[in-house]
Amino acid sequence: MKNTPSKTLSVSAIKDGTVIDHVASGRALQIIRVLNLSANNQTVTVGLNLPSRAMGHKDLIKVEGLELSADEANRVAILAPEATMNIIKNYEVVKKFPVTIPEIIERLIACPNPACITNNEPMPTKFFVLNQKKKLQLSCAYCEKKFEQSEIKIN
């Protein structure tokens with residue numbers, strides 16, 4: 001019998017910061033862009049397509065030295081409604097909570113309707129969240145077009 005080395009996945013712990021876990025595969029890079037995490041001097045660790053018992057595969061984002069605000073967590077929820085936030089202090093999880101999708105989303109998403117006034121005039125977008133469960137559905141406040149999460153385009 002051959003000795004097979006065990007495979008382990010190692011992601012380093014952070015002393016203080018935020019871990020965004022349970023992100024659907026393929027969404028981590030969008031979240032990093034939405035939160036503009038590359039613009040600050042914080043260390044950001046990204047895990048893509050990590051194995052997950054609950055999700056099959058998931059993405060993970062660790063941001064050292066930064067505690068995300070409620071507004072930033074809401075922006076994460078738009079792209080990853082199943083995500084959880086873990087606030088880390090001195091290598092311990094001191095707070096863990098699911099993200100919450102806001103009822104109204106302003107300025108963050110572009111309307112997928114090319115005829116919408118927001119795509120033809122310089123004005124902020126505004127969307128109403130119609131369904132806050134796993135199947136996110138939004139409605140544009142201006143053209144009233146309804147669309148699914150898969151159609152979301154970040155401004």
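Colleague: How many bridges do β6 and β8 have between them, and in which sense do they pair?
Modeller: This is a predicted model, to say that up front. In it, β6 and β8 are joined over three bridges, in the antiparallel sense. Two strands count as paired at two bridges or more, so these two qualify. One of the places to look is I104, whose bridge partner in β8 is F128.

Colleague: Which strands make up the open sheet that includes β6 and β8, and in what order?
Modeller: The order is β6-β8-β9-β10, four strands with antiparallel pairing.

Colleague: What makes β6 and β10 edge strands?
Modeller: Each of them, β6 (104–106) and β10 (146–148), pairs on one side only. As for the twist, neighbouring strands in this sheet are turned by 30 degrees against each other on average, with direction ignored.

Colleague: Which strands form the open sheet of five?
Modeller: That one runs β2-β3-β1-β4-β5, again with antiparallel pairing. Its edges are β2 and β5, which pair on one side only. The average twist there is 20 degrees from one strand to the next.

Colleague: How many bridges join β2 to β3?
Modeller: Seven, and the two strands run antiparallel. With a cut-off of at least two bridges, they count as a pair. If you want to find the match-ups on screen, V46 has I61 as its bridge partner in β3, and S52 stands opposite G56. The two strands form a hairpin, with three residues between them. On the β1 side, β3 pairs with β1 over six antiparallel bridges, and T18 stands opposite V63 there.

Colleague: Why is the F127 and F147 pair called edge-to-face?
Modeller: Take the distance, then the angle. The ring centres are 5.4 Å apart, and rings pair if their centres lie within 6.5 Å, so this counts as a pair. The planes stand at 85 degrees, and anything over 60 counts as edge-to-face, so that is the label. The structure holds one aromatic pair, and this is it.

Colleague: Where in the chain do F127 and F147 sit?
Modeller: F127 is in strand β8 and F147 in strand β10, 20 residues apart, which is how the pair links distant parts of the chain. Both rings belong to buried residues.

Colleague: Why is I78 called buried?
Modeller: The relative accessible area of I78 is 2%, and buried means under 20%, so I78 is buried. I78 has its place in helix α2. Sequence neighbours within four places aside, I78 is in contact with residues including P102, I105, L108, I109 and I152.

Colleague: And S139, buried or exposed?
Modeller: Buried: S139 comes in at 10%, again under the 20% cut-off. S139 is found in strand β9. Among the residues in contact with S139 are K126, F127, F128, E144 and K146, leaving aside neighbours within four places in sequence.

Colleague: Why does R107 count as exposed?
Modeller: R107 has 55% relative accessibility, and exposed means over 50%, so R107 makes the cut. R107 lies in the loop between β6 and β7 (109–110). The backbone is worth a look too: phi of R107 is near 70 degrees, a positive value in a residue other than glycine. Y91 has a positive phi as well, about 70 degrees, and is not a glycine either. You will find Y91 in the loop between β4 (84–89) and β5 (92–98).

Colleague: Which residues touch the most other members of the largest nonpolar core?
Modeller: I20, I31, I109 and L138, out of 33 residues. Elements that each supply at least two residues include β1 (17–24), α1 (28–34), α2 (70–79) and β9 (137–140). The biggest giver is α2, with five residues. There is also a second, separate core of five residues, including V19, L50, L60 and I88. In soluble globular proteins, nonpolar side chains tend to be buried together.

Colleague: What does I109 touch?
Modeller: Not counting residues up to four places away in sequence, I109 touches I78, T125, F127, L138, F147, I152, K153 and N155. You will recognise F127 and F147 there as the edge-to-face pair, and I78 as the buried residue in α2.

Methods:
Residues numbered from 1 in each chain as written. Predicted model: local features only at pLDDT ≥ 70, side-chain atom pairs only at ≥ 80, totals over all residues. Heavy atoms only, no water. Core = buried A, V, L, I, M, F, W, Y, C linked by side-chain atoms within 4.5 Å. Buried < 20%, exposed > 50% of the residue type's maximum accessible area, 1.4 Å probe, protein only. Contact = heavy atoms within 4.5 Å. Axes fitted to C-alpha atoms, helices over the stretch in contact; angles between N-to-C directions. Phe/Tyr/Trp six-rings, centres within 6.5 Å; stacked < 30°, edge-to-face > 60°.
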